[in-house]
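Trainee: I am new to this one, and I would like to go through it step by step. Could we look at it together?

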Amino acid sequence: MIVNKITICNIRNYVGPIEVDLSVCDSRNIILMGGLNGAGKTTFADSIRLCLYGHRINGKVLSEPKYQEFLADFCTNTENISQAYVAMSITIDEENPPMDIDIKRTFTKTKSGFKLKSSTECR
């Protein structure tokens, strides 16, 4: 699996949509992430896991109450922000021809917690 692009919006310190191009080519075949403490490196990695696995955070399936608790901490806790999302564009290269997939998980804040909407599109 190759991650080509990730967009993170209103997840912890990623306020507003932040798009990161992770595509590689012959002249750029390694991507490194670095930053000071609190810059968002772990949030970036957690966003990838959240987008790919949803309730299965860190190898275990979270109950709905625990998942809601995780989302309340993970999504930007600002009064005027009611929606957060993580979107990824990936390529499954084991297929012949390779398969491109777009994944998006949207979290909308409600009075009773977060409502999840997931979408997957194969191109």
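Mentor: Gladly, and let us begin with a term: two strands pair if DSSP finds at least two bridges between them. Helices (H or I, at least four residues) and strands (E, at least two) are DSSP runs, numbered from the N terminus. This is a predicted model, where local features need pLDDT of at least 70 and side-chain atom pairs count only at pLDDT 80 or more, while totals for chains, interfaces and linings use all residues. Residues are numbered from 1 along each chain as its sequence is written, and side-chain values use heavy atoms, with hydrogens and water left out.

Trainee: Which pattern does the chain follow along the sequence?

Mentor: The chain holds 2 helices and 7 strands. Read from start to end, they give the pattern β-β-α-β-β-α-β-β-β.

Trainee: In what order do the strands of the open sheet lie?

Mentor: The sheet has 5 strands, and their pairing is antiparallel. At its edges are strand S2 (14-21) and strand S7 (113-122), each pairing on one side only. The twist averages 10 degrees from one strand to the next, with axes taken as lines fitted to C-alpha atoms, for helices over the stretch in contact, and angles running from 0 to 180 degrees between N-to-C directions. The order is S2-S1-S5-S6-S7.

Trainee: How many bridges join S5 to S6?

Mentor: S5 and S6 run antiparallel. Within this pair, Val86 stands opposite Arg105 in S6. The number of bridges joining S5 to S6 is 10.

Trainee: And which residue in S2 is the bridge partner of Thr7?

Mentor: S1 and S2 are antiparallel too, joined by 6 bridges. Their hairpin has 2 residues between the strands, and Arg12 takes a positive phi near 45 degrees there. The partner of Thr7 in S2 is Glu19.

Trainee: Which strand gives the most residues to the largest nonpolar core?

Mentor: A nonpolar core is a set of buried Ala, Val, Leu, Ile, Met, Phe, Trp, Tyr and Cys residues joined through side-chain atoms within 4.5 Å; buried means under 20% relative accessible area, exposed over 50%, partly exposed in between (1.4 Å probe, protein chains only). The largest one here has 25 residues, and those touching the most other members include Ile6, Leu50 and Phe107. Strand S1 (2-11), helix H1 (41-53), helix H2 (64-74), strand S5 (83-92) and strand S6 (99-110) each supply at least two of its residues. The top contributor, with 5 residues, is S5.

Trainee: At about what angle does H2 run to S7?

Mentor: H2 lies across S1, S6 and S7, and contact here means heavy atoms within 4.5 Å. Its angle to S7 is about 85 degrees.

Trainee: How many disulfides are there?

Mentor: A disulfide is a pair of cysteine sulfur atoms within 2.5 Å. The sulfur of Cys9 is too far for a bond, because the closest cysteine sulfur, in Cys75, is 9.9 Å away. Cys51 is in no disulfide either, with the nearest cysteine sulfur, that of Cys75, 13 Å away. The count is 0.

Trainee: What radius of gyration does the chain have?

Mentor: The radius is taken over C-alpha atoms, and the globule rule is 2.2 Å times the number of residues to the power 0.38. For 123 residues, a compact globule would have a value near 14 Å, and the chain agrees with this. Its radius of gyration is 15 Å.
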